[in-house]
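Look over the model below before reading on. The text then moves from a single side chain to the whole chain and back to local contacts.

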Amino acid sequence: MEVQRRDQELLAMSAKMKTLEEQHQDYQRHITVLKESLAAKEEHYNMLQADVEEMRQRLEEKNRMIEKKTQAAMQAQQERNRMNTELTELKDHMDIKDRKINVLQRKSCCVKAVVRKTPEIPRYL
C-alpha cells in the first residue's frame, strides 16, 4: 500500500511538474513576445524622435526665414517712411518756391505796368 501511495504521489508530482514546465514555457513565450513588442516600440519611438527632430529643424529654419522677412519688411517700412518724409519736405519746398515765383511774377507785372505808364525819361550822358 505504501508503494501504491508513493506511486500516486509520484504520478501527481509528475503531473504537477509537467504543468509547471508547460506554464514555464508559456511564461518564456510571453516574455519573448513582450521583448519583441518592446523592441518594436523602441524602434517606433526612435522613428518618432527622428521625425520630431526633423520637424524641429524645419520649424527653426522657417522661424529664421520669418525673422529675415520681418526684418526686411521693417527696413522697407522705414525706408518708405523716410522717403515719404523726404517727399513731403520736397512738396513743401516746391510750394514755397511756387509762392515765391507767383510773388515775383506779380511784382514783375507791376513793374511792367509802372514802366508802361511812366513817360520815357531821356538819358543824359
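Does E86 count as buried, partly exposed or exposed? E86 counts as partly exposed, because its relative accessibility is 39%. Keep in mind that this is a predicted model.

E86 has a partner. Its side chain meets that of R82 in a salt bridge, at 2.9 Å from N to O. R82 is partly exposed too, with a relative accessible area of 41%. Why can these two pair up along the chain? They are four residues apart in helix α1, so about one helical turn separates them. In general, side chains of opposite charge can pair when their charged atoms come close.

Now step back to the fold. The chain has one helix and zero strands. Helix α1 covers residues 2-117. The overall dimensions follow the principal axes: the C-alpha atoms fill a box of roughly 175 × 20 × 10 Å. The radius of gyration is 53 Å, where a compact globule of 125 residues would have one near 14 Å.

Burial comes next. Of the 125 residues, 0% count as buried. The cut-off matters here: a residue is buried only under 20% relative accessible area, so a value such as the 39% of E86 falls outside that class. The chain exposes about 12700 Å². Carbon and sulfur atoms supply 59% of that area.

Two residues show the same theme in the helix, away from the charged pairs just described. V33 lies in helix α1. V33 counts as partly exposed because its relative accessibility is 48%. A72 also lies in helix α1. A72 counts as partly exposed because its relative accessibility is 42%. Both residues also serve as markers for distance. V33 and K62 are 29 residues apart in sequence, and their C-alpha atoms are 43 Å apart in space. A72 and M55 are 17 residues apart in sequence, with 25 Å from C-alpha to C-alpha.

Turn to the charges. The chain carries 25 positive and 22 negative charges. The mean positions of these two sets are 21 Å apart. How many salt bridges does the chain contain? The count comes to nine.

The R82 and E86 pair is one of several to inspect. Go next to R5 and E9. Their side chains meet in a salt bridge, at 2.8 Å from N to O. R5 and E9 both lie in helix α1, four residues apart, about one turn of the helix. R5 counts as partly exposed because its relative accessibility is 38%. E9 counts as partly exposed because its relative accessibility is 40%. This pair belongs to a wider group. E2, R5, R6 and E9 are linked in a network of salt bridges.

R29 and D26 form another bridge, at 2.2 Å from N to O. Here the spacing is three residues in helix α1, so about one helical turn lies between R29 and D26. R29 is partly exposed, with a relative accessible area of 48%. D26 counts as partly exposed because its relative accessibility is 42%.

Finish with the cysteines. How many disulfides does a search of the whole structure find? The search finds zero. C109 is in no disulfide, and the nearest cysteine sulfur, that of C110, is 7.0 Å away. C110 is likewise in no disulfide, its nearest cysteine sulfur being that of C109 at 7.0 Å. A disulfide needs two cysteine sulfur atoms within 2.5 Å, so a pair at 7.0 Å does not qualify. C109 counts as exposed because its relative accessibility is 52%.

Definitions and conventions: Residues are numbered from 1 along each chain as its sequence is written. This is a predicted model: local features need pLDDT of at least 70, side-chain atom pairs count only at pLDDT 80 or more; totals for chains, interfaces and linings use all residues. Side-chain values use heavy atoms; hydrogens and water are left out. Helices (H or I, at least four residues) and strands (E, at least two) are DSSP runs, numbered from the N terminus. The radius of gyration is taken over C-alpha atoms; the globule rule is 2.2 Å times the number of residues to the power 0.38. Buried means under 20% relative accessible area, exposed over 50%, partly exposed in between (1.4 Å probe, protein chains only). Accessible areas come from the Shrake-Rupley method with a 1.4 Å probe; for residues, only the protein chains shown count as cover. Lys and Arg count as positive and Asp and Glu as negative; His and the chain ends are not counted. The place of a charge is taken as NZ of Lys, CZ of Arg, CG of Asp or CD of Glu. A salt bridge is a side-chain nitrogen of Lys or Arg within 4 Å of a carboxyl oxygen of Asp or Glu.
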